[in-house]
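Reader: I have a structure here and some labels I want justified. Can we go through them one by one?

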Amino acid sequence: MRKQTGSSKNLGLVLAVVGVLTVIACPSISARCRFAEGLQQENLRPIRVQIPASGPAVIEGAATRDAVSYQSGNRFVVIIPQASVASFQNDLNNEFLSVKVEQRGDDVEISFLLRQGGSGRVVTAADKISVVFALPQVALRVSRDDNESQPILAPRADTSTPSSTTNNSVPPASDLSTPASTITTPVLAPRPPVPQATPTLSNLLQGIAGLIPGASKDLEASFSNIDLSVPESPAFTVLGVTPNAIARPGTPREFATSLLNGLDKNGNFQTGLAIDTAPYMLFNGQNVTLQDYNDYYLTRLLSRTQFSLATTKGAASDDTATRLALGLNVTLWDKGDARVYHPKRGPDGDVLTCFKANIQPPDAPSSAMPTPAEIAAINAKAIAANNKVADACRDKVRKANWNATGWVIAYAPSWITKNGQNTSLKWNGGAFWSSFAYGFDGLSSLHKIAQLIVHARYRSNEQVADPARPGRFISQNSSFFGGRFRAGNPAFAFNFEAAYVRNQIAPSRTFTSGRYAFGAEARITDNFYLVVTGGNGPGDAGASNKGFFMSSFKYGFNKKSQLNPQPQ
Amino acid sequence: MPENQVPIVQIKKNGSVPEIKLTFGFAQFASFRILLWDTSGHNPTEVAKATNLPGEPDTFPIGTSASDLDGRYITWQASIASPTGAPGQQYSQTARFMQDGANCPTGPFTQSGPFSNTTATFANARFQVVT
């Protein structure tokens with residue numbers, strides 16, 4: 001150990017004395033401290049946070065333009081730099097468990113504690129962002145008895161139990177303007193629906209339905225919440241991020257620029273990089289004609305293959321590791337591909353046939369070569385007219401082909417580097433998704449009204465919050481298999497779905513669970529539906545390697561259809 | 001449009017009737033119209049009005065003889081629509097002039113760029129007959 005010199009000893013002594021004096025003198029200089037603090041506050045941009053009883057949370061203010069967001073475990077965090085909270089209104093939204101608003105230096109951090117398996121994303125608008133919450137899918141849940149993690153399928157209907165986190169009191173809104181304030185608010189039970197005032201037939205029937213013992217109004221289709229989709233940008237999904245600014249380069253030059261912007265001067269990836277593009281179209285799109293697209297499977301496969309790249313930093317303050325993920329989304333088969341020409345389906349069932357019948361070339365110039373201004377006017381008129389018919393064509397065909405047969409897969413490997421250097425990147429697990437949808441082609445009785453979806457996904461080395469040790473993370477590998485059959489029309493609809501989950505937490509703890517659910521719905525009159533739902537689902541069994549069972553059967557009356565799979 | 005900005009298409013006086021081939025990239029739909037004008041840029045006549053759907057022709061003869069085309073203008077306009085309607089679409093439109101089965105010395109003429117939903121294009125050229 002190096003020997004301290006006399007001068008450094010003296011310097012340490014002086015600093016210690018100054019520190020003690022500062023502490024003693026603090027009350028006398030606190031006014032100046034507050035003044036400096038106030039000056040700092042004046043430079044911060046005010047934001048308003050509104051959390052309605054239902055729907056997205058809204059954050060307003062010019063500072064939201066610079067907002068960044070990420071998801072860490074079951075927390076969705078929005079950070080707004082150089083901002084302070086001017087007002088906060090919370091109407092006890094039940095789409096998440098709690099919200100915490102915290103002033104961290106010059107930044108405001110708004111953290112939403114999600115329902116297990118839930119997710120959030122940010123939708124940006126001018127000087128405003130909305131935080132939209134997706135319902136729970138598959139997640140770990142804390143067993144209240146033994147605090148042991150139990151992987152289950154979290155049921156969507158599990159909203160009635162008040163959940164609390166660190167602080168159960170709701171402070172007055174005025175407290176929130178104070179810097180360094182922290183507010184955590186729990187979400188209480190959902191409010192009862194407000195009775196409708198208009199005396200329509202359906203309202204009268206709703207009133208009568210309320211008198212029937214055991215019947216419930218607005219019965220939620222709680223069974224229809226299993227996510228069977230394949231992410232379009234798997235790299236973002238595997239990192240659990242919802243980037244606010246995604247580069248979607250349209251040319252090779254833009255791609256190169258986006259990539260270079262994501263590298264520092266030493267060629268290492270910076271965090272916050274998010275790129276999503278279709279590489280084949282990016283580099284060869286000029287040569288891909290509709291004829292080639294229709295003639296060659298390989299052209300279709302490559303044209304629709306989506307590539308994504310994302311980098312992010314750890315959510316915790318002491319987690320400085322950089323994570324990198326790549327993603328590929330590949331459409332192996334799609335009988336509803338809008339670029340494939342199906343003249344036999346007619347204009348109601350094929351976008352290109354509809355385009356051929358309705359989209360016209362720009363008007364011919366009258367009698368002389370047009371001037372640039374005349375060309376601009378001709379083109380503007382054509383675009384305005386064609387935009388409407390193109391939208392109508394797509395919408396009509398989308399409804400007709402809602403159950404088109406298709407198969408999509410995705411893969412996303414990820415890496416981690418503790419020091420931010422590309423040379424020290426290490427494998428950090430990956431994910432694979434596959435979804436096959438079958439539209440019963442050739443079976444006339446089911447072809448227009450039914451769909452079967454089979455889904456599988458695997459995620460390795462996923463870092464999830466450890467329920468037994470708050471603030472810590474554990475690694476798990478999870479497999480998911482699920483399926484859904486749905487059929488119906490506006491008059492009658494049926495839905496059945498089932499799922500199986502297997503989670504392996506290193507080194508040898510394995511949990512499995514399964515569930516199935518069904519629902520049926522019949523329209524009695526306009527805006528009045530009889531609904532029956534049932535099934536079994538996951539419960540708190542409290543034992544590993546053991547299936548959960550929680551059966552349910554409900555019936556009720558709804559004002560609108562929830563099960564009809566056909567888009568209206 | 002100023003005269004010096006109109007691209008020139010050179011064709012051989014004794015060659016066959018020239019043809020124009022219109023192709024559209026990024027697998028986008030296009031509905032187009034091709035017009036042939038007189039030497040003063042008046043009196044348009046329609047060469048073709050078609051779409052780029054699979055199985056439909058993309059190559060069209062221009063006029064009745066190469067020698068008649070000297071100094072005349074040709075224009076091609078297209079409405080391009082995205083079948084998917086997804087954001088961030090790109091389009092590319094290329095016109096090639098051919099005579100006796102070979103590409104004419106000048107060209108091809110390409111327009112490209114981003115668009116959403118639908119877009120419209122206009123392009124023109126003037127023939128110059130060479131011996």
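**Reasons behind the labels**

Author: Start with A:Phe485, which is partly exposed, with a relative accessible area of 23%. Keep in mind that this is a predicted model.

Reader: Why is A:Phe485 called partly exposed?

Author: Buried means under 20% and exposed means over 50%. A:Phe485 has 23%, so it is partly exposed.

Reader: Why is A:Phe440 called buried?

Author: Its relative accessible area is 10%. The cut-off for buried is under 20%, so A:Phe440 is buried.

Reader: What makes A:Phe440 and A:Phe485 an aromatic pair, and why is it edge-to-face?

Author: The ring centres are 5.8 Å apart. The limit is within 6.5 Å, so the rings pair. The planes stand at 90°, and over 60 counts as edge-to-face, so the label follows.

Reader: What makes this pair a link between distant parts of the chain?

Author: The two residues are 45 residues apart. A:Phe440 is in the loop between strand E18 and strand E19 of chain A, while A:Phe485 is in strand E20.

Reader: How do you know that the charged end of A:Arg457 is close enough to count as over the ring of A:Phe480?

Author: The charged end is 4.0 Å from the ring centre. The distance limit is within 6 Å, so that condition is met. The charged end of A:Arg339 also sits over a ring, that of A:Tyr293, at 5.8 Å from its centre.

Reader: Why are E1 and E5 of chain A called paired strands?

Author: Pairing needs at least two bridges, and seven join E1 to E5, so they pair. The two strands run parallel. One bridge partner of this kind is A:Val85 in E5, for A:Ile47.

Note on methods:
Residues numbered from 1 in each chain as written. Chains lettered and ligands numbered in written order. Predicted model: local features only at pLDDT ≥ 70, side-chain atom pairs only at ≥ 80, totals over all residues. Heavy atoms only, no water. Helix = DSSP H or I, 4+ residues; strand = E, 2+ residues; numbered from the N terminus. Phe/Tyr/Trp six-rings, centres within 6.5 Å; stacked < 30°, edge-to-face > 60°. Buried < 20%, exposed > 50% of the residue type's maximum accessible area, 1.4 Å probe, protein only. Lys NZ or Arg CZ within 6 Å of the ring centre and 35° of its normal.
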